[in-house]
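Student: Could you take me through one part of this model closely? I'd like to hear about a place where two chains meet, and then about what lies around there.

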Amino acid sequence: MNPRNLIPVCVVIALYLAPAAAGQDAPSPKTSSSRHWSMPRTPDGQPDLQGIWTNGTITPFERPRDLAGKPYFTQEEAAEYEKRVLDQNNRDRRGKNAEEDVAGAYNEFWFDRGTKVVSTLRTALVIDPPDGRVPALTPEAQKAAASRDAISRRLPEGPEDMDLPVRCLLWPTAGPPMLPSAYNNNYRILQVRGYVVMLIEMIHDVRIIPLDGRPHLSANGRQWLGDPRGHWEGDTLVVDTTNFTNKTHFRGADENLHLVERFKRTGPNTILYQFTVDDPTAFTKSWTGEVPFTRSTAPMFEYACHEGNYSMVNMLRGARAQEKAEALKKETK
Amino acid sequence: MLIRLLWTSILMGSVLAAAANNQQRHNRTMQGKPDLNGIWQALNTANWDLQEHAARAGLITSLEAAVAEPGGLGAVEGDEIPYLPAALKKKQQNFETRLTADPEIKCYLPGVPRATYMPYPFQIVQTSDVILIAYEFAGAARTIYMKNPPESPADSWMGHSVGHWEGPTLVVDVTSFNDQTWFDRAGNFHSDALHVVERYTPLGHDALDYEATIEDPKVFSRPWKISMPLYRRLEKNAQLLEFKCVEFVEELMYGDYRKKVNK
Amino acid sequence: MNIRTAGVLVFAGIGLVLGAATALAHHAFSAEFDASKPVKLRGKVTKVEWINPHAWIHIDVEDSDGKVISWMVEAGTPNTLFRRGFSKNSLPLGTEIVVDGYQAKDGSNRANGRDLTFPDGRKLFIGTPGTGAPYDEKK
C-alpha cells in the first residue's frame, strides 16, 4: 500500500509553505484546506488534477519597485492593494486624455483579470530571485530584446511586427509558462493512462504531456509551446519542456529555453503551479515564478481567434493611413 | 498428425497470447466502456472530395502533379449529397472558386466532421466526464461533454458536442455551428443549421468505424451519411506535432496592407 | 522585453497583468482607432458577431438628414460575457444603443466601443440576464 497516502495533512501544508522559507516569515496562506482533505487520486494512483482551473490574479508578475524588500502582504495590505488596483484598472473609468482613453479599449465587463492577489499573499509571481524580479538578460539577449522593442514602438509595417496575441498565434495564458492575462484565464486538465492533458482556452491550445519517459523531440523539432515531458515526483507533477522556437521570447528568453513546471494539488480547490526558467544564453541566472490555480465552476468556451481577426487588417490599414497623413504633412510644410 | 497438432497448439497459443495482450493493452476503460484513447487518422481522400471522384488536375500549374487531386472512393453512403436546388448552385460555385474560397486555405478551424478526415492525426483523450479531441490541423480542439453539458451560448467553428454511449459506440451530437466551414476541398458546405451525429465504434484494437449523419434543412433535402475507418497510429512514441498554420497564411491575408518599400 | 514593470500600478489605462504588458499595448486600440476622432453614435443593432478575439456590434445610425449610416463597433471577448450567463440572444436586433468611442484611423465607419450604454445611460451587459449569474464568482 502506498505510504504517501498516510502523510498527515499538516505535513502537506508544511511542504507547501517550504518554498516560501527563503529567510522570510510567511503569513498563513489563504487556503481553506480542511484537516480532513486528502489527496484525491486517479485509478492509476496519481494525484487527481482534473477539472477546470483559473489562474486570474491581480498580483503583478514582478515585485513593484515600491514594494522592494517586501515579499508578502499582510491580509490588510492585500485587501487594500486589491481595492486600489481594481479601482485603477477599472475600464469604466475613462482615460485622463484621449490617447489613454483609446488605449483603455472598452468597458470593464469585457475583462476578467481576477479580483484578488494570490492566496499565498506574495507581492509578485516571481519568487526567485528573492527580490521578485526577473534576473538581467545576457548582453546578447538584451540586444535582441532592444531591437524587438524598437519594432514594437514604431508603426507596424506588417503582421510580423505585431505581438503574438494580436496575430492570434499565442497568448501568455498558454505560454508555457501558463500565466494569467486580461481575461479567459481558463484551463481544463484531464488525466488518462500515460498522459496529462491541458486544454488552454486561449487559443484552444492543447498540451499533451506524455508520462512514459520517452525522449524529447530531436533538436529539429521546434514548437511554439515547446515539447513537454512529464513525470511524478511524489505527489508533484513535474513537466520538463524544451524544443522552443526563436519566436516566443518569453521575458527575453531564446530558443534554448528549458522550462520546468511543477503542479501540486494543495487542497480541494487549488493547484500550486511553479515554473523555473533555465536559459543561460538569455538570462544571467535561472529564475522561478509561482501562481496558484483555483477551481472554476464556469465552463470554457471556444476561442477561435484568427478566424475573426478583423483587427489585424484594421490596424495595418490604420498604420498605412497614419503614414500617408504624416507624409502629406511633411510635403505641405 | 502429431506435427499438425503441434502447429495447431502453437497457433492457438499465439492467438490466446494475442488476445491476452489485447486485454493488457486496455481496450476497455475502468468503467467498462470502450477505450478510444490514442492517436487516430483517416486514410482516404475525403478531405479532397467526400464523393467518389476521379483524379483531376491541380489548380497550381507550377506545382503540377504535386497538387493534382487524387481519385478516391467516396465516403458518402449512396454517393449522393442531397442539395436543395439553390444550394447545389452554391456548391458548384464553391467548387469553381475552391482555390481561393476553401477556408482550409486560410488555416481556419475545419469544423466537424471535416476535422476527422483531414489527412493529419488527432488524439482522443477520454475520461468519463468529457472526451477531448485534439486535432493536429490548426491546433483545432473540441470538448465532448459526457455529463452535465453546459448550454451553448453562441455559434462556433467546432460546434457544441454532447456525447453518450450506446453499447460499444460513442454517439456525439453536434450543434451550434456557424456557417463558415466546408466539408471538403470540393466545396461541399452547410449553413448554421447544421446538425451532425457522429458514431465511433471500435473495430478491434487499432481501428474505429466512424460514421457521421449530416442534417441541414437550409441546404439539404434530407439527412445524409458518411462512413470510414479510422486507424490507430502505431509508431512507437507517436505524438501529435504542432501545425500552427496561421503564421503561414499571414502574407496571403495581410500582404496587401504591408508597408510598401519605396525604391 | 518588458522593461516597465510598475505598469500595472502606474499606468491605469493599460493596467493589464500579463506576461508581456508593454507588448499588448501594441494591440493598440491606438493603432486602430484615432484619439483625435471621438464619436458618439446612437443607433439600432443590426447584427452582432459574438466572435473572438473581439465581438463586433453593427448598428445603423441615422444622421441629422435622416440618412442611415452603418457602423461596426469593436468590443471585447464574448467568452467573458458567456461565463456571466449572457448569450447571442442578449442583445436583440433592433435594440437601440449608444456608443461612445473613437473612429478608425483609416476613416472607415468603424469605432471602438469604449463605452457601450443604453440610451438611458445604463451600461450594456451589466447585471445578470435573469439566470442568477451562476458563474459569477466575483461576489
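Tutor: Happily! In this predicted model, the contact between chain C and chain A takes 59 residues from chain C and 66 residues from chain A. On the side of chain C that touches chain A, several elements supply at least two residues each, including helix 1 (7-10), helix 4 (78-83), strand 1 (33-49) and strand 4 (96-104). The largest share comes from strand 5 of chain C, with six residues. Sorted by class, that side of chain C has 30 nonpolar, 18 polar and 11 charged residues.

Now to the strands of chain C themselves. Five of them close into a barrel, in the order 1-2-3-5-4, with mixed pairing. From one strand to the next, the twist averages 55°. Within chain C, strand 2 (residues 56-62) and strand 3 (residues 68-74) run antiparallel and are joined by seven bridges. One pair to look at is C:Trp56, whose bridge partner in strand 3 of chain C is C:Glu74.

Finally, the nonpolar cores. The largest has 119 residues, and B:Leu132 and B:Ile133 touch the most other members. Strand 3 (residues 130-135) of chain B gives the most to this core, six residues. Apart from this core lies another, of 28 residues, and C:Phe29, C:Ala55, C:Val99 and A:Phe109 are among them. Back in chain B, leaving aside residues up to four places away in sequence, B:Ile133 touches B:Phe122, B:Ile124, B:Ala141, B:Arg142 and B:Ile144. As general background, nonpolar side chains tend to be buried together in soluble globular proteins.

Technical notes:
Residues numbered from 1 in each chain as written. Chains lettered and ligands numbered in written order. Predicted model: local features only at pLDDT ≥ 70, side-chain atom pairs only at ≥ 80, totals over all residues. Pairing = 2+ DSSP bridges. Helix = DSSP H or I, 4+ residues; strand = E, 2+ residues; numbered from the N terminus. Axes fitted to C-alpha atoms, helices over the stretch in contact; angles between N-to-C directions. Core = buried A, V, L, I, M, F, W, Y, C linked by C-beta atoms within 7 Å. Buried ≥ 20, exposed ≤ 12 C-beta atoms within 10 Å, placed from the backbone. Contact = placed C-beta atoms within 7 Å. Nonpolar A, V, L, I, M, F, W, Y, C, P; charged D, E, K, R; others polar.
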